[in-house]
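Visitor: Could you show me this model and explain how each label attached to it is earned?

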Amino acid sequence: FVFQNRQDREASQGLIGGARAYLIEGNGIESRPPLQAGRPGPLEETTVLLPARMIAQKGVVEFAEAIRELRAQGYRVRGILAGPLDLSNPSGFSEERLRALCGEGVEW
């Protein structure tokens, strides 16, 4: 079992054995890009992954927009959308809509 904060992990102590409970601290993103635009950097692009179901609530559109914005500013970055379609969800993306979001450094 993976927990994103100590309170949830502690609340589960009676239900889940300690050896089966993992805490991931500091989930989220680093808001400062690793490279300055226009400056030399690594030979390879920086790859950013969004592992999620392809639904609006997971930030799929915002992710694609952020990748495009970074590229427009000169950052060598590519975005990978890694997850299944969820057509049963009202905010789920169709394959056609998802593919339309791709390009310009964004892949699914």
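**Labels and their reasons**

Guide: E104 is exposed, with a relative accessible area of 59%.

Visitor: Why is E104 called exposed?

Guide: A residue is buried under 20% relative accessible area, exposed over 50% and partly exposed in between, with a 1.4 Å probe and protein chains only. The 59% of E104 is over 50%, so E104 counts as exposed. Please keep in mind that this is a predicted model, in which local features need pLDDT of at least 70 and side-chain atom pairs count only at pLDDT 80 or more, whereas totals for chains, interfaces and linings use all residues. Residues are numbered from 1 along each chain as its sequence is written, and side-chain values use heavy atoms, with hydrogens and water left out.

Visitor: What makes the phi of E104 notable?

Guide: E104 has a positive phi of about 50°, although E104 is not a glycine. Most residues other than glycine have a negative phi.

Visitor: How do you know that E104 forms a salt bridge with R68?

Guide: The term is used when a side-chain nitrogen of Lys or Arg lies within 4 Å of a carboxyl oxygen of Asp or Glu. The closest N and O atoms of E104 and R68 are 3.7 Å apart, which is within the 4 Å limit, so the pair qualifies. This pair links distant parts of the chain, with E104 in the loop between α3 and β5 and R68 in helix α2, 36 residues apart.

Visitor: How many salt bridges does the structure hold?

Guide: The structure holds four salt bridges, and one of them joins D86 with R53, whose closest N and O atoms are 2.7 Å apart. D86 lies in the loop between β4 and α3 (95-101) and R53 in the loop between β3 and α2, so this pair ties together parts that are 33 residues apart in sequence.

Visitor: Is D86 buried or exposed, and what makes it so?

Guide: The relative accessibility of D86 is 13%, which is under 20%, so D86 counts as buried. Its partner R53 has a relative accessible area of 35%, which falls between the two cut-offs, so R53 is partly exposed.

Visitor: Where in the chain are E107 and R78, the side chains that meet in a salt bridge?

Guide: E107 and R78 come together at 3.0 Å, N to O, and they link distant parts of the chain, E107 being in strand β5 and R78 in strand β4, 29 residues apart. E107 has 37% relative accessibility and counts as partly exposed, and R78, with a relative accessible area of 30%, is partly exposed too.

Visitor: What makes up the secondary structure of the protein chain?

Guide: Helices (H or I, at least four residues) and strands (E, at least two) are DSSP runs, numbered from the N terminus. By that rule the protein chain has three helices and five strands, and they follow the pattern β-α-β-β-α-β-α-β along the sequence.

Visitor: Which strands form the open sheet, and in what order?

Guide: Three strands form the open sheet in the order β3-β4-β5, with parallel pairing. The edge strands are β3 (46-51) and β5 (106-107), each of which pairs on one side only.

Visitor: How do you know that β4 and β5 pair?

Guide: Two strands pair if DSSP finds at least two bridges between them. Strand β4 (residues 77-82) and β5 share two bridges in the parallel sense, so the requirement is met. In β5, the bridge partner of G79 is V106.

Visitor: What makes V2, Y22 and I24 a patch?

Guide: Patch members have over 30% relative accessible area and no salt bridge; like charges are joined within 9 Å, and nonpolar side chains (Val, Leu, Ile, Met, Phe, Trp, Tyr) within 5 Å. I24, for instance, has 42%, which is over 30%, so I24 passes that test. I24 sits in the loop between β2 (22-23) and β3. Together, V2, Y22 and I24 form a nonpolar patch on the surface with about 320 Å² of accessible area, a value from the Shrake-Rupley method with a 1.4 Å probe, where for residues only the protein chains shown count as cover.

Visitor: How many residues are in the protein chain, and what share is buried?

Guide: The protein chain has 108 residues, and buried residues make up 23% of them.
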